[in-house]
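Visitor: Please choose one residue and show me closely what surrounds it. Then work outward from there to the rest of the model.

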2 protein chains.
Amino acid sequence: MNDAPKPEGLRERKRRETSHRIAAAGLNAFLAKGYDATTLDEIAAAAGISRRTFFHYFKSKDEVLLASLSNYASMVKAMILAEPPSGSAIDIARGALLNLAGSFHASEMMATAKLMRESKTLRSRTHAGYLQLEQAIFDGLSELRPDEARNSLRLVSLVAVVALRLAVETWQQQQARHPLAEYVQDAFERLKAEIR
Amino acid sequence: MNDAPKPEGLRERKRRETSHRIAAAGLNAFLAKGYDATTLDEIAAAAGISRRTFFHYFKSKDEVLLASLSNYASMVKAMILAEPPSGSAIDIARGALLNLAGSFHASEMMATAKLMRESKTLRSRTHAGYLQLEQAIFDGLSELRPDEARNSLRLVSLVAVVALRLAVETWQQQQARHPLAEYVQDAFERLKAEIR
DNA sequence: TCAATAATTGCACTCAGTGCAAAAATTGAT
DNA sequence: ATCAATTTTTGCACTGAGTGCAATTATTGA
C-alpha cells in the first residue's frame, strides 16, 4: 500500500493547473464585467486555452462559478461525519454548518453574492448549490445514522439549509458585521423558538 | 365605474388565445418528446406562429412551463389574505398551503414532475418556482401581519415551503396514493415534532 | 526512440435568444 | 367604406452557449 504510487505525473499537474487557471480567469472576468457580459471566448483567451478546450474542463459557463461553491457540499458532509455522533440529527447538522460557516470568507462571499443577484441564470445556480448542500447533509446524516428514519433525516436536512439561508441573508443585509457563524447559531435558535 | 369599458376587443382576445395555444403546444411537445429535445421552432409551428413571435409571448422556453406554475404564487398569496387572521403566522401559512394543495391535479402534476426531473434547466426552474412561493407567502404574511417582525415572517415562509416540498416529495414517491393535502398536514406536524 | 494514450484544437453545426425594420392586422374616427 | 394611428407579426441577420468529429500535439511507459 503506497500513498502515492503515481507521484503526480506531468499530465495530472497540468490538468489541475489549467482547471485552476480557467476558474480564476472566469471569476475574474465575472467580477469585472458581470456574468452575462462575459463570453466563453474571453475566459478561454484569458486562461490561454481554446474555446473548445474549456468544455473539457467545465460542462458549462456557470459551472465555473459553481465549482468553488460545490466544494462546500463535500466539506459539509465530511464535517457531519466528523461530528460527535451523540445528540439529535438536527444538532449534528447545526454543528456541521457552524463549522462550515467558519470557512466562509466574507469579502469573497459578498463579491460573488453580488454576481448571483445580477444574473437570472446564476440565481438559479445559487439555489442549485443549496440543493447540493441539502443532499450532502442528508447523505452525511444517513451515513452517520443508518437506523434513523430517512423521512426525519430528510426533513432535518432541508430545515438546516433553511437556517443557513436565513443566516446568510441577514449576514449579507448587515454587511457581515458579525461572523456568519453567529447568524447561523441565531437562525437555528429562532427556528426552534418559532416552530411550535 | 364600468366593469368592462372595453368589451374585450379582438386584439386582446386573439392575444389570449395565442398565448394559450403556445402554452398548450409547448406542454404537449414537452410531454411527448421531453423538454430538451423540443425546439422553439416546433412549438411555434405547432402553435401556428413564427419563431420570432413566440418571444412576444414568452421570454424564454422554460417560461412556457413556468407559466402554469407561477400561478400558484399569486394563488397562495390570495389564500393567505383569505385566512382567518387569528392564529400564528405558521398556522396561516399552513392553512393556505393546505388550501393550495387541494387545487393540485395529481395526474397533471405527476406528468410535469417527470419533465422537471429529466432536464437540468427545468430542475432549476422548479426551484425557482419554490422561491416565488416563498416570496409570495412572505408578501402575504407581511400584508396580513404588518406589525410582526419581518425576520419571523421570512423564517415562517421558508419553513412552510420546506413543508410543502417534503409533502410533494413523499406524495410523488407514493404515487399520489393520498391527496396531497394529507401529506402537507403531516409534514407540518413532523416539522413541529422534529424541531426542538 | 517508439507506440499507445490522453489532451488540445479547429471546424462545422444546432439551438436559444435579441435587435431591427418591413409587412400585416386592428383600432377608432370620420 | 376609408384612412391614419397603433399594435402585432414576421423575416433576417446576428451573438453566444454547447456538441460531435476528426486531426494534431503532448505525455507516458517501455
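**From one phenylalanine outward**

Guide: Setting aside neighbours within four places in sequence, B:Phe30 touches B:Tyr35, B:Thr38, B:Leu65 and B:Leu115; two residues are in contact here if their C-beta atoms, placed from the backbone, lie within 7 Å. Do keep in mind that this is a predicted model, in which local features need pLDDT of at least 70 and side-chain atom pairs count only at pLDDT 80 or more, while totals for chains, interfaces and linings use all residues. Residues are numbered from 1 along each chain as its sequence is written, and chains are lettered from A and ligands numbered from 1 in the order in which they are written.

B:Phe30 belongs to helix α1 (residues 10-33) of chain B. Helices (H or I, at least four residues) and strands (E, at least two) are DSSP runs, numbered from the N terminus. With 25 other C-beta atoms within 10 Å, B:Phe30 is buried. The cut-offs are 20 or more such atoms within 10 Å for buried, 12 or fewer for exposed, and in between for partly exposed, with C-beta atoms placed from the backbone. B:Thr112 is 82 residues from B:Phe30 in sequence, yet the two C-alpha atoms are 8.9 Å apart in space.

Let us move on to helix α7 of chain B. Its 25 residues (120-144) should span 36 Å at 1.5 Å a residue, and the 37 Å between its end C-alpha atoms agrees with that; the expected span is 1.5 Å times one less than the number of residues. Among the buried residues of α7(B) are B:Leu122, B:Ser124, B:Tyr130, B:Ile137 and B:Phe138. What do the buried residues of α7(B) pack against? Their partners are α4 (61-82), α5 (89-102), α6 (106-118) and α8 (150-173) of chain B, together with α7 (120-144) of chain A.

That last partner takes us to the contact between the chains, to which chain A and chain B give 20 residues each. On the side of chain A that touches chain B, the elements giving two or more residues are α7, α8 (150-173) and α9 (180-194) of chain A. The largest share, nine residues, comes from α8(A). By class, that side has 11 nonpolar, three polar and six charged residues. Here Ala, Val, Leu, Ile, Met, Phe, Trp, Tyr, Cys and Pro count as nonpolar, Asp, Glu, Lys and Arg as charged, and the others, Gly among them, as polar.

How are the two copies related? Chain A is superposed on chain B by a rotation of 180° with 0.1 Å of shift along its axis, at an RMSD of 0.1 Å. This is the relation of a two-fold axis. The fit is by least squares on the C-alpha atoms of residues with pLDDT of at least 70 in both copies. A:Ser124 comes closest to the rotation axis of the residues of chain A, its C-alpha lying at 2.8 Å. Both copies use the same surface, as 100% of the contact residues of chain A recur in chain B.

Stepping back, chain A has nine helices and zero strands. Its C-alpha trace spans about 55 × 50 × 30 Å along the principal axes, and 32% of its 196 residues count as buried. Of its contacts between residues at least 6 apart in sequence, 64% join residues at least 24 apart.

UniProt, in an unreviewed entry, places "domain: HTH tetR-type" at residues 16-76 of chain A and "DNA-binding region" at residues 39-58. Its positions are given in the numbering used here, feature names are shortened, and annotations may be inferred rather than shown by experiment. Residues 16-76 are 80% helix and 0% strand, with end C-alpha atoms 23 Å apart. For residues 39-58 the figures are 75% helix, 0% strand and 14 Å.

Two backbone details deserve a look. Most residues other than glycine have a negative phi. A:Gln175, in the loop between α8 and α9 of chain A, has a positive phi near 55° and is exposed, with 8 other C-beta atoms within 10 Å. B:Ala176, in the loop between α8 and α9 (180-194) of chain B, has a positive phi of about 55° and is partly exposed, with 16 such atoms within 10 Å.

Finally, confidence: pLDDT, the predictor's confidence in each residue from 0 to 100, averages 91 in chain A, with 95% of the residues scoring at least 70. Over residues 1-6 of chain A it stays under 50, and the model has zero contacts for them beyond four places in sequence. Where pLDDT is low, the predicted coordinates should not be read in detail.
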